[in-house]
Amino acid sequence: MKKATLVTRIIQYSILSIIVVIVFVPIVILVFGALKTRGELLSHPYALPIPPRWENITLILSQPQFSFWQMMRNSLVVMIAVTLGVVVICSLAAFIFARMDFRGKHWAFNLFTLGLMFPINVAILPVYFVLRQLVLIDNLWGVIIVQTAFQLSGNIMILRGFFTAIPAELQDAAYIDGCNAFDFFWRVLLPLAKPALAAVAALTMIMSWNDLLVPLVVLNDDKFWTLPLGTMQFQGQYGQDLSLVSAFVVLSALPTIIFYLFAERQIVSGLTAGAVKG
């Protein structure tokens, strides 16, 4: 190996090692803190939890005032509904923009891309007024509709890029065999687009699970709280007991971490496939 290449490799690994330390040290401290008493966390935050205080976990899982299981159920309902809605709507819209020709097609697609310029933080006030008029405040459907709407633009672009990259000869062959447009979409395009659909579904699930702003604005009744909102409220009430707050945060983040570990390959392969051709 050449000396210049060796120096470059050392620099790369050094930078990556620093990034790993920056990312993982807070996570490790959080996990350690979840298994300590409040005094142990304040006096020895970096020490191993010996012995581990599992009562922090059991207390949260059995606490009636902050029902962890109810908040997890609400988060699961919202996440599954949003993911199904996004995958169905975005796949149909992306198919139309990628494989169909109609007047105003490019204008309509550019209108969708403009949606990327208006994040939910900017539009949350008018969204709240609309939901109030529709009587969707303190309703999980209000959260589902808003999260779905603001996930459409980016995911339509991802799927459109993948659908456009599929050879037109496959569509011609399907039409010769007697397929109509929907048959080609259902029987040919969707099976080929599984990596891109998996990436869209995985990204949507993670976004929905971690979203705080929309539930914070829409949900007031604690029986409808999702886990991010419950974590914020729990931290506000038990802010003095940092070990208990750490345990609640770890339990809330654990499903997302496990899911991402299994879905990482699908996310990377789907996004890469969607970027082949725009």
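This is a short tour of selections to make in the open structure, which is a predicted model.

Begin with helix α4, which covers residues 68-99, and within it select L76. This leucine is partly exposed, its relative accessible area being 35%. Now add W209 to the selection: although L76 and W209 lie 133 residues apart along the chain, their C-alpha atoms are separated by 7.7 Å.

Keep α4 displayed and bring in helix α7, residues 140-149. The axes of α4 and α7 come within 9 Å and cross at roughly 40°, and the crossing in which α4 passes α7 is right-handed. To see the residues that meet there, select N74, V77, V78, A81, V82, G85, V86 and I89 on the α4 side, and then L140, V143, I144, Q147 and T148 on the α7 side. Colouring this selection by residue class shows nine nonpolar and four polar residues in the contact of α4 with α7, with no charged residues.

From the helix pair, widen the view to the largest nonpolar core, which has 60 residues. Within this core, the residues with the most contacts are I60, L159 and F163, while α4 is the element that gives the most to the core, with 13 residues. Centre next on I60 and show its surroundings: once its neighbours within four places in sequence are left aside, I60 is in contact with F66, F68, F234, L244, A247, F248 and L251.

The next stop is helix α14, residues 242-274, where V245 is found. Is V245 buried or exposed? Its relative accessibility is 9%, and because the cut-off for buried is under 20%, V245 counts as buried. For a sense of distance, draw a line from V245 to V77, one of the α4 residues that meet α7; these two valines are 168 residues apart in sequence, and their C-alpha atoms are 24 Å apart in space.

Finish with two cysteines, C90 and C179, and compare the surroundings of each. C90 has a relative accessibility of 0% and therefore counts as buried, whereas C179, at 21%, counts as partly exposed. The value for C179 can be read against the cut-off, since buried means under 20%. If you are looking for disulfides to display, the structure holds zero of them.

Methods
Residues are numbered from 1 along each chain as its sequence is written. This is a predicted model: local features need pLDDT of at least 70, side-chain atom pairs count only at pLDDT 80 or more; totals for chains, interfaces and linings use all residues. Side-chain values use heavy atoms; hydrogens and water are left out. Helices (H or I, at least four residues) and strands (E, at least two) are DSSP runs, numbered from the N terminus. Buried means under 20% relative accessible area, exposed over 50%, partly exposed in between (1.4 Å probe, protein chains only). A nonpolar core is a set of buried Ala, Val, Leu, Ile, Met, Phe, Trp, Tyr and Cys residues joined through side-chain atoms within 4.5 Å. Contact means heavy atoms within 4.5 Å. Axes are lines fitted to C-alpha atoms, for helices over the stretch in contact, and angles run from 0 to 180 degrees between N-to-C directions. A crossing is left-handed if the near helix is turned anticlockwise from the far one by less than a right angle, and right-handed if clockwise. Ala, Val, Leu, Ile, Met, Phe, Trp, Tyr, Cys and Pro count as nonpolar, Asp, Glu, Lys and Arg as charged, and the others, Gly among them, as polar. A disulfide is a pair of cysteine sulfur atoms within 2.5 Å.
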